[in-house]
Amino acid sequence: MTRLNDDLSTIRAQGSAQNGRNHWKAQRVSAVILAIVGLWFVVESLTFSTLSYAQMLLWIQLPWHFAGISLLLTAGCYHAYLGLCVIVEDYVRTYRMGIWLILTMLMVGVYSLGVAFLLKILGA
Amino acid sequence: MPRPLSPHLQVYRPQITSVLSILHRFTGVGLSFGLLFLLCWLGGLSNGEISYKKVTDWFGSSLGFIIFFKIIFSFYYHFFNGVRHLFWDMGKGFDLPTVHKTGIFVVIVSFLCSLLTWGIGVWS
């Protein structure tokens with residue numbers, strides 16, 4: 001099949017791949033946030049099995065605890081998304097158009113579900 | 001036609017540097033799934049007492065507990081090795097003896113914290 005353009009012109013037309021600075025920095029910033037909030041949550045969760053449902057609701061509805069869980073969800077989803085992007089970039093040899101779109105939508109979906117649950121808890 | 005990769009898994013003996021590195025990636029992926037468990041817990045909490053009981057019962061069941069323990073270990077390992085990564089980002093601890101020492105330290109502390117968490121969880 002004859003093509004009107006050659007490989008070099010196709011590659012040049014796609015432009016620069018920019019840089020990975022922001023990705024690296026965002027990964028580190030979300031890691032630090034997640035380290036603090038994640039550790040806090042794991043330590044707090046040790047007592048969760050002793051709480052009844054009503055007590056658990058009261059616990060999570062306290063402002064600082066609610067903010068902590070929200071931060072855990074946000075930073076966690078973002079950090080996981082960045083990490084999974086790196087893994088896809090490392091192991092997937094032929095890029096299809098939909099890969100990053102799928103990953104992004106998965107993360108946004110997970111995050112929105114979490115936000116929906118949190119808002120419902122807030123209203124309960 | 002995809003380009004061939006030079007062999008690595010068939011050639012190099014597993015060392016503490018490479019094994020800990022791939023474990024960091026592995027636990028990262030595992031924790032991404034763990035995020036879904038957090039979502040399950042939030043969903044149960046938001047949906048009323050019966051759903052919350054269902055979720056906590058499943059977490060306490062044998063299959064749920066095994067998965068839970070893997071998530072706890074993944075969290076602690078990824079946390080401590082992540083701190084090790086952040087020190088490397090600052091430029092500290094690159095010489096080989098330190099890398100080996102901190103690597104062993106990370107593995108031991110992760111196991112200890114997981115056992116501690118399991119013990120406290122079972123005790124309460």
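Where in chain A does Leu4(A) lie? Select Leu4(A) to begin the tour: this residue sits in the segment before α1 (7-14) of chain A. Keep in mind that the model on your screen is predicted.

Show the surface around Leu4(A). This leucine is exposed because its relative accessible area is 93%, and the cut-off for exposed is over 50%. Now add Leu57(A) to the selection and draw a line between the two C-alpha atoms. Leu4(A) and Leu57(A) are 53 residues apart in sequence, and the C-alpha to C-alpha line spans 64 Å.

Next stop: the interface. Colour the two chains separately and select the residues in contact. You should pick up 28 residues of chain B, which touch 36 residues of chain A. Together the two chains bury about 2,900 Å², with 75% of that area on carbon and sulfur atoms.

Now for the charged pairs. How many salt bridges does the rule find across the interface of chain B and chain A? There are 2. To visit one of them, select Arg28(A) and Asp89(B), whose closest N and O atoms are 2.6 Å apart. Helices come next: on chain B, α1 (16-46), α2 (49-60), α3 (62-89) and α4 (96-123) each supply at least two residues of the side that touches chain A. Highlight α1(B), since that is a good place to linger: α1(B) gives the largest share of this side, 13 residues. Finally, colour the chain B side of the interface by residue class, and you will see 16 nonpolar, 8 polar and 4 charged residues.

Key
Residues are numbered from 1 along each chain as its sequence is written. Chains are lettered from A and ligands numbered from 1 in the order in which they are written. This is a predicted model: local features need pLDDT of at least 70, side-chain atom pairs count only at pLDDT 80 or more; totals for chains, interfaces and linings use all residues. Side-chain values use heavy atoms; hydrogens and water are left out. Contact means heavy atoms within 4.5 Å. Buried area is the accessible area (1.4 Å probe) that two parts lose on being put together, summed over both. A salt bridge is a side-chain nitrogen of Lys or Arg within 4 Å of a carboxyl oxygen of Asp or Glu. Helices (H or I, at least four residues) and strands (E, at least two) are DSSP runs, numbered from the N terminus. Ala, Val, Leu, Ile, Met, Phe, Trp, Tyr, Cys and Pro count as nonpolar, Asp, Glu, Lys and Arg as charged, and the others, Gly among them, as polar. Buried means under 20% relative accessible area, exposed over 50%, partly exposed in between (1.4 Å probe, protein chains only).
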